[in-house]
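Hi there,

I'm passing this structure on to you, since you'll be looking at it from here. Please open it alongside this message, and my notes follow below.

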Amino acid sequence: MDLLNTLVDKGLRRELPTREEALAVLATSDDDVLDVVAAAGKVRRHWFGRRVKLNYLVNLKSGLCPEDCSYCSQRLGSKAEILKYTWLKPDEASQAAAAGLAGGAKRVCLVASGRGPTDRDVDRVSETIRTIKEQNEQVEVCACLGLLSDGQAERLREAGADAYNHNLNTSESTYGDITTTHTYADRVDTVNKAHAAGLSACSGLIAGMGESDADLVDVVFSLRELDPDSVPVNFLIPFEGTPLAKEWNLTPQRCLRILAMVRFVCPDVEVRIAGGREVHLRTMQPLALHLANSIFLGDYLTSEGQAGKADLEMIADAGFEVEGAGEVTLPQHRVDAAGGCGSVCGSHEGCGSHEDADACGTTAAADTCGTTAGGCGTAGTAVAPAPQEARPDLVAVRRRGAGTDLAPNA
């Protein structure tokens, strides 16, 4: 297709596609999905080769969140039967992190539910970061604690944090439909605070919440404008007991198209497949490795993921290799531009303070063009995705690892 050839050429030059081109990728048919994957895969391999970065989540504090994010199992009023516990001690968190590192993870993502950390919370997490780094010299640590106040990002950086995750999740125009207790602008502000403190910014999105193609393109273009090193792509996990429990809008093919669109818009950035890949990509997960260069190993915040051993086998069977601790994730030009740790860290787990969809996101953009319909490259009217078969049997609440007496899945 002419569209795909154009997008490959632009991706190799780091040139931003047009909105119409991004929308056209989402509008391609299932018959064309392998062509889309092959095209975006050329861009992925150009900038990242066949390496896959592994990230491991540690849920420092589960549930008990005062925010009302509709997608989140930890939200205020959630009836989801998740684990609930207060802060892990530094040694407990370090022990949990060690399991992921032993499984091949390069980065540990420390996540805590809540609107944002108090200064005492920052002290607590700083001690945890130092403990983990003392015991694991080469590990990258990303914090995900919610909205940051002035000076808190700097304190986390001084404690040894390499990155900070905070997701935009969806477009600015629809953000108020999923959350009312904070704003889209609040999220953008936190990403900017992380940037300013010298932390590698990690910010992404959640797909499958009933958004239009135009919303997806808007949030990804906004992310490109914010320029995080890492963009986690989460696929909604419709937890029973949350307002979005009935939102089953994704097929494996649609997930692949979304990942391809993100890769074309953010060609030289770490794209991570985050929460929900097992639920929505299912047996097509290996194809997604041709689009993303980063995944989470094992379980997520409040849901169980694919077994860590199965993740490693999938990577090897698909012809990819796990990125080593001594390898730099990002392309050299991004390393040079960042001039510090952020470029080396180049990633962050899909998490975002109180969200279990494990993703991150960021900012701004406007003029949404309608989605594309019909064939490649034809702009048209936004078309809502057809309802998909609900698969609640694939949503498993985490019952092991952090906050339990059972060994983690890593």
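How many disulfides does a search of the whole structure find? The search turns up zero. Please keep in mind that this is a predicted model.

Cysteine 65 shows what that looks like up close: the nearest cysteine sulfur belongs to cysteine 72 and lies 6.3 Å away. A disulfide needs the two sulfur atoms within 2.5 Å, so a pair at that distance does not count as one. Cysteine 65 is buried, with a relative accessible area of 4%. Cysteine 266 is buried too, and its relative accessible area is 4%.

**The strand S1**

A good place to start looking is strand S1, which spans residues 51–61. Of its 11 residues, 11 are buried. S1 has several partners:

- Strand S2 (residues 107–112) runs parallel to S1, and six bridges join them. Here tyrosine 56 stands opposite valine 108. Between S1 and S2 the chain passes through helix H4 (residues 90–102), making a right-handed β-α-β crossover.
- Strand S9 (residues 294–296) is also parallel to S1, with three bridges. Lysine 53 faces serine 294 in this pair.
- Strand S10 (residues 321–322) pairs with S1 in the parallel sense over two bridges. Valine 52 is opposite valine 322 there.

**The nonpolar cores**

In soluble globular proteins, nonpolar side chains tend to be buried together. In this model the largest nonpolar core has 105 residues, and Leu156, Phe235 and Phe264 touch the most other members. Helix H10 (residues 252–265) gives this core its largest share, nine residues.

If you zoom in on leucine 156, leaving out residues up to four places away in sequence, you will find that it touches several residues, including Val122, Val125, Ile129, Leu145 and Tyr164. Ser126 is also among its contacts.

There is a second, separate core of 10 residues, and among its members are Cys142, Ala274, Tyr300 and Leu301.

**A contact across the sequence**

Finally, have a look at valine 397, in the segment after helix H15 (341–345). Valine 397 and isoleucine 82 are 315 residues apart along the chain, yet their C-alpha atoms are separated by 6.1 Å. Setting aside neighbours within four places in sequence, valine 397 is in contact with Glu81, Ile82, Phe239, Thr302, Ser303 and Glu304.

Enjoy exploring, and do write back with any questions.

Best wishes

Terms used:
Residues numbered from 1 in each chain as written. Predicted model: local features only at pLDDT ≥ 70, side-chain atom pairs only at ≥ 80, totals over all residues. Heavy atoms only, no water. Core = buried A, V, L, I, M, F, W, Y, C linked by side-chain atoms within 4.5 Å. Buried < 20%, exposed > 50% of the residue type's maximum accessible area, 1.4 Å probe, protein only. Helix = DSSP H or I, 4+ residues; strand = E, 2+ residues; numbered from the N terminus. Contact = heavy atoms within 4.5 Å. Pairing = 2+ DSSP bridges. Right-handed = clockwise from strand over helix to strand, strands pointing away.
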